[in-house]
Every structure is written in C-alpha cells, then in structure tokens.
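Trainee: Please take one part of this model and look at it closely with me, then connect that part to what surrounds it. I would like the cut-offs behind each term as you go.

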Amino acid sequence: MTTHCIAINNIQRIGDSHAFPLDQWYVAGFSSELGDKPIARTFLNQKVVLFRTGEGQVAALEDRCCHRSLPLSCGTVEGAGVRCGYHGMLYAPSGQCIEIPGQERIPAKARVKAYAVVEKNQIIWIWMPKTEGAEPTKSAPDYPHHDDPLYKFGSGNYHYNAPWQLIHDNLLDLSHLGYVHLKTIGGNARLHMNAEMNVTQEGEQVRVVRLMPGSTPPPTYKAAWPFGDTCDRWQEIEFDLSHLRIWTGAVEPGTDAIDDPHRGGFHMRGFHGITPETATTCHYFWSMASNKHPDMPENIDEVVRQTAFTFDEDRLVIEAQYRNMLEFGEQAKWLDIHVDVGANRARRIVSKLLEQQQATDMAAA
Ligand code: FES
Ligand SMILES: [Fe+2]
C-alpha cells in the first residue's frame, strides 16, 4: 500500500448521501488530474475512486473492494480498469470484476457500485443518483470557455473544512473583494459595497450582476492589462447547484459599455465547482480563464497565480468563519444586509430541493 493511499483516506468518512440534493451532476475533478494513479475522493458522503483506463475512459467506482474492503484507490490502474492492491482483483469501469488472480470462475456478485461520469470541457462530472444505478436524467453542464481559443486557463482545487454552502455565499457576494482581496482583485471597498446590484432567478439558477464604472484598477487588472487610473468593471455571477460561473473584467472608460456581452477589455472567467464531501467539508474545484493583451502576452500565467493567492485568502476567511460558527453554536443567528440577496436565493433553492427530496423519501418509506 502506498503512502499516497493512506494520506488521502485519512480525511474520509461515509454516511447519509440524502443530506444533499441527489439526481444531480457534481464536479468530481479536472481532466488534468487523472494520470496513471487512481484518486480517492468522497462526494456527498460516498467514497469514490476515480481513474482513467488505458483507452482513456474516465470511471468512478465505490472505493471498496468487494473481497475484503480495501479501498480500490490503494490499487493500480491498468489498461482495462483498476486492480485492487491487496489480492489483485481487477474491476472494469462498469464495476464488474473481470479477473480474480488464480481463480477461473468470477461470481456475478463480484462487482462494486459504479457511477455515471462524463468528461466534458476538461471537467469530470459525476452523477449522484437518488436510486443506486439509476441513469442520469439530464446532460452534464457545458463550460465552453475551457476550450475557447480566446482564453487560456489554469485550475486548482481545495479541500475545505467548511460546509459547501459557505462557499456559495462567498461567491455570490463579491462585495467582499474590497476587504479580503486588496492585494489582487480588490479595489475600493466603498465602491464595491455601493455597486448597483441586480439579482434575478430563473428556475434553479441565480444571476447576480454588479456594475462598477469609474473603479480604480486593482493589482491583478494592472498586471494583466495596461489600464490607466480608472476602469469600468463588471461582475456577472451565475449560480447553479453544482457550480458557479463568474465572469468579471473591465474596459477602459469611454470604450465599450460594461453591460454589453460583446465588450472588449480584460476578462476573467472563473469556474467554481463546489461539491459536498460531508456535511462539514467540501471540495472546491476552480479554474480561471483569461484573455491576453497583445502587448502583455504573459499576463495569463500571472492572472492564474494571483487567482490562486486570492482563493487562499477566501479559504482562510471561510474556514475561520465556520470554526467560529461551531464555537458560538446554532443559536448565534445571522443578520442579513443588502449584499446577501443572491446568496439567500441560492440557499432557498438548495433548501427547496432538499425539502422535495425528503418528501419523496417519506412517501416511499
Ligand atoms: S481486498 Fe481486494 S482483492 Fe482482496
Ligand atoms: Fe473571494
């Protein structure tokens, strides 16, 4: 057994997946993460091993050998599947065991649970079904910006010691930029707090638009684009249950309108896949795609570097917030202010999905 396997499994627990909305696609990782080793991750309280076969197919299985329960993530990836690292049983992406070393007959029940996975736009999506083995009822989300030649992107992921919805809150309220991210994408805090904000909802999607003309270009914008003393900034945030798409940027004053989707200028397109691990922990998969200025072609690497720094700052805040929430207890209520509209809408969507799920669970019981 490798130390890689031990380290990853230290953090994992299993439990009730019905505490989260099911029959949904969630982000399992990025294509670039799946090399020649299996990856152990827990999604919605379910332990999963991710791997890529020799033919390039991405697969996700329950992370437990049906022989003696060693995590399959402690094994090795071979051409046809993943081989258990204890007694060598080989599993295909379907979950069926296809080889038991030294034994000819393979019992039909020599299999583990398999999850539907889709690799699309360099993102790996996993379908978390309400009923085991049920097929996806919708397509995995599109994210074409990873494949758009106008952009180049970098990505990363965090394991968070905080519940997933605290990250939704953070991303749906970008007024925090002026307080948390002054070294990178911040800017004038008062301008952020006073920005005109438009919140709309369509079905289970929330959209928050904030326009900030006459902004002082923050350090990341200056590093990436030859702005003068001011720029006109936009922030467009779209919430989906499994991920948020955040399109921010700025144009030079007097050029394009900041609410024109075809505007020029400097663009940052952030992808934020937030996948619950347990009730108190989550995965945060992010990417940042940016366009390059012809005179500053190296800007994208710097934008990605500064983005990673920015998200480190968010993690410090959110994990400290959650520790404090635990210490003060649930009786310590929150007060809403004007910046919370988008985040509260997203919370209502998650609550409604959970209520509907619990109602059908009860009806079926
Ligand atoms: S525990 Fe996997 S083959 Fe024995
Ligand atoms: Fe932030």
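Mentor: Along the sequence of this predicted model, the donor residues of the iron ion (ligand 2) follow the spacing H-x4-H-x132-D. The atoms concerned are NE2 of His 176, NE2 of His 181 and, entered twice, OD of Asp 314, at 2.0 to 2.3 Å; a donor here is an N, O or S atom within 2.8 Å of the metal (3.2 Å for Na, K and Ca), and since water is not among the atoms, a site may look incomplete. The angles among the four donor atoms run from 59 to 152°, and the site is irregular. That word covers whatever fails the other classes: four donors are tetrahedral if all angles lie between 85 and 135 degrees, while square planar (four) and octahedral (six) require opposite donors over 155 degrees apart and all others between 65 and 115.

His 181 sits in the loop between helix 3 (177-180) and helix 4 (189-194), whereas Asp 314 belongs to helix 6 (residues 299-328), so this pair ties together parts that are 133 residues apart in sequence. Helices (H or I, at least four residues) and strands (E, at least two) are DSSP runs numbered from the N terminus. His 181 has a relative accessibility of 1% and counts as buried, and Asp 314, at 3%, is buried as well; buried means under 20% relative accessible area, exposed over 50%, and partly exposed in between, with a 1.4 Å probe and protein chains only.

Helix 6 also carries Phe 311, which lies 25 residues from its ring partner Trp 286 in strand 18 (residues 282-290). Their ring centres are 5.2 Å apart and their planes stand at 80°, so the pair is edge-to-face; rings of Phe, Tyr and Trp (its six-membered ring) pair if their centres lie within 6.5 Å, with planes under 30 degrees apart called stacked, over 60 edge-to-face and the rest tilted. Trp 286 and Phe 311 are both buried. By this rule the count comes to 16 aromatic pairs. Another edge-to-face pair joins Phe 30 and Phe 271, at 6.3 Å between centres and 65° between planes. Phe 30 lies in strand 1 (residues 24-30) and Phe 271 in strand 17 (residues 266-276), so the pair ties together parts that are 241 residues apart in sequence. Both Phe 30 and Phe 271 are buried, and ring pairs link them with Trp 125, Tyr 143 and Phe 285 into a cluster.

Turning to helix 2 (residues 164-172), nine of its nine residues are buried, including Trp 164, His 168, Asp 169 and Leu 172. Pro 163 is placed in the loop between strand 12 (152-160) and helix 2, and Pro 163 is also buried, at 16%. Its C-alpha is 9.4 Å from that of Ile 318, a residue 155 places away in sequence. Leaving out residues up to four places away, Pro 163 touches Ala 279, Thr 280, Thr 281, Cys 282 and Tyr 322, where contact means heavy atoms within 4.5 Å.

On the scale of the chain, there are domain 1 (3-128) and domain 2 (144-353), with bounds from an automatic or database domain assignment. Their centres, taken over C-alpha atoms, are separated by 32 Å, and the contact takes 23 residues from domain 1 and 28 from domain 2. The largest nonpolar core holds 60 residues, of which Ile 126 and Tyr 284 touch the most other members; such a core is a set of buried Ala, Val, Leu, Ile, Met, Phe, Trp, Tyr and Cys residues joined through side-chain atoms within 4.5 Å. This core draws at least three residues from each of domain 1 and domain 2. Beyond four places in sequence, the contacts of Ile 126 include Trp 25, Phe 43, Val 48 and Tyr 115.

As for conventions, residues are numbered from 1 along each chain as its sequence is written, and chains are lettered from A and ligands numbered from 1 in the order in which they are written. Local features need pLDDT of at least 70 and side-chain atom pairs count only at pLDDT 80 or more, whereas totals for chains, interfaces and linings use all residues, and side-chain values use heavy atoms, with hydrogens and water left out.
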